[in-house]
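Visitor: Please take one part of this protein and go through it closely. I would like to see how a single strand sits among its partners.

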Amino acid sequence: MTAPPLAAVASVVPGGEGQDDNAVVVRCLDFTFPLSSSPTIQQLSLTLPRGSRCLLTGANGAGKTSLLQVLAGKYMVGQDAVRILGRPAFHDIHLVSSGALSYLGPQWRRDIAFAGNNVPMQGDIAAGKMIYGVEGVDPERRERLIKLLDIDLNWRLNKVSDGQRRRVQICMGLLKLYQVLLLDEITVDMDVVGRLDLLHFFKQECEERGATIIYATHIFDGLEAWPTHLAYLEAGRMVKGGPVGDVPELQTATKLLHVVEHWLREEKAGRRQREAAAAAAQAAAPKHPNPLLSSKHMAFFR
Ligand SMILES: Nc1ncnc2c1ncn2[C@@H]1O[C@H](COP(=O)(O)OP(=O)(O)OP(=O)(O)O)[C@@H](O)[C@H]1O
């Protein structure tokens with residue numbers, strides 16, 4: 001397939017934001033879920049130029065999904081805190097409705113999703129009917145994706161395996177020419193060949209037509225040469241990140257898995273140490289009775 005010129009792709013979302021070299025700009029982002037007592041994302045800054053591929057990682061609960069959802073415009077944050085293609089992710093609904101900003105997340109196990117619409121998957125529908133039902137798609141791109149994802153158009157979506165259903169869902173999510181793609185662990189159900197082929201496709205998308213991708217994952221096999229940027233979150237803060245060339249550990253290690261494992265173990269040890277110190281401090285603190293609490297003596301006068 002001949003890649004369209006970058007300027008043509010950038011003009012999918014009107015408004016002149018195509019002049020901006022950065023596809024994603026996050027400035028000192030703080031985010032707290034409604035009714036939550038503590039912040040999930042804290043003082044997070046991240047800049048991704050067009051065409052970059054960012055690996056987003058961190059321990060369970062570090063805030064990866066939350067960050068991707070904020071970037072996808074699913075939660076309201078300050079207009080300057082998150083700019084996608086030069087526009088505020090939450091406030092500019094055209095970003096998602098045009099397909100320029102696309103998010104593929106964990107809900108895909110149960111739902112079909114594309115261009116911001118999620119449809120619960122219940123019916124006995126053929127894969128081909130769903131894929132060919134999406135309008136305004138480049139037929140060459142559609143054929144390429146069907147082949148890449150090894151999809152049998154006769155698969156009935158309520159009867160196939162999780163991995164097969166996932167392939168159809170990924171195909172539908174990629175039919176339109178996104179400019180920024182947010183991937184939240186979408187390859188977990190896929191076999192090794194399917195996953196590696198897909199990662200190669202994503203790399204081509206970035207190199208050939210300047211798409212920008214953020215990929216959150218815990219699976220590092222075959223990812224060594226994939227990312228151009230990295231973001232490692234710890235309790236909602238980006239403690240390591242930026243262009244991969246600026247991350248010293250990535251220059252010497254041969255396996256990404258070993259680098260991230262080391263960070264995760266260090267983080268866990270640090271957390272344990274802090275918890276032990278806090279418990280020791282609490283145990284050592286003098287135990288003064290709280291004068292505001294009721295006592296047997298006070299109870300006598302009630
Ligand atoms: N809807 C919500 N309301 C309140 N807190 C939430 C909500 N969703 C997530 N959290 C909290 O935000 C924190 C970050 O969760 P998040 O799902 O973003 O982490 P993650 O890094 O994606 O984890 P994992 O690797 O397990 O997928 C967790 O402490 C979680 O409990």
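Guide: What follows is a close look at one strand, then at what lies around it.

The model is a predicted one. Some background comes before the strand. The protein chain holds ten helices and twelve strands. Of its 302 residues, 35% are buried. Among contacts with a separation of 6 or more, 67% join residues 24 or more positions apart.

Now the strand itself. Strand β11 covers residues 229-234. Is it enclosed or open? Five of the six residues of β11 are buried, so the rest of the structure largely encloses this strand.

Next, its partners. Strands of a sheet pair through backbone hydrogen bonds, and they do so either parallel or antiparallel. β11 has a partner of each kind. With strand β3, residues 53-58, the pairing is parallel and runs over five bridges. Within that pairing, Leu 56 stands opposite Ala 231 of β11. With strand β12, residues 237-243, the pairing is antiparallel, and six bridges make the join. One of the pairs here is Glu 234 with Arg 237, the latter in β12.

The link to β12 is a hairpin. Two residues lie between β11 and β12. One residue in the turn is Ala 235, which has a positive phi of about 50°. That is a positive value in a residue other than glycine. How enclosed is Ala 235? It has 17 C-beta neighbours inside 10 Å, so Ala 235 counts as partly exposed.

Cys 28 makes a useful second case. Its phi is also positive, near 45°, and Cys 28 is likewise a residue other than glycine. Ala 235 is in the loop between β11 and β12. Cys 28, by contrast, is placed in strand β1, residues 22-31. Cys 28 has 11 other C-beta atoms within 10 Å; the cut-off for exposed is 12 or fewer, so Cys 28 is exposed.

Step back to the whole sheet. β11 belongs to an open sheet of six strands, in the order β6-β9-β10-β3-β11-β12, with mixed pairing. Its edges are β6, residues 101-104, and β12, and each of these pairs on one side only. From one strand to the next, the twist averages 15°. Further along the order come β9, residues 180-184, and β10, residues 212-216, which run parallel and are joined by five bridges. Leu 183 has Tyr 215 in β10 as its bridge partner.

β3 also leads to the ligand. This partner of β11 covers residues 53-58, and Gly 58 is among the residues that surround the ligand. Others in that shell include Phe 33, Asn 60, Gly 63, Lys 64 and Thr 65. Which helix gives the largest share of the shell? Helix α2, residues 64-71, does, with three residues. By type, the shell has two nonpolar residues, eight polar and one charged.

One helix rounds off the tour. Helix α6 spans residues 162-174. Its 13 residues should span 18 Å at 1.5 Å a residue, and the end C-alpha atoms are 18 Å apart, so the two agree. Is α6 covered or exposed? It is mostly covered, with eleven of its 13 residues buried. Arg 165, Arg 166 and Arg 167 are among the buried ones, as are Val 168 and Ile 170.

Notes:
Residues numbered from 1 in each chain as written. Predicted model: local features only at pLDDT ≥ 70, side-chain atom pairs only at ≥ 80, totals over all residues. Near = placed C-beta within 6 Å. Helix = DSSP H or I, 4+ residues; strand = E, 2+ residues; numbered from the N terminus. Nonpolar A, V, L, I, M, F, W, Y, C, P; charged D, E, K, R; others polar. Buried ≥ 20, exposed ≤ 12 C-beta atoms within 10 Å, placed from the backbone. Pairing = 2+ DSSP bridges. Axes fitted to C-alpha atoms, helices over the stretch in contact; angles between N-to-C directions. Expected span 1.5 Å × (residues − 1). Contact = placed C-beta atoms within 7 Å.
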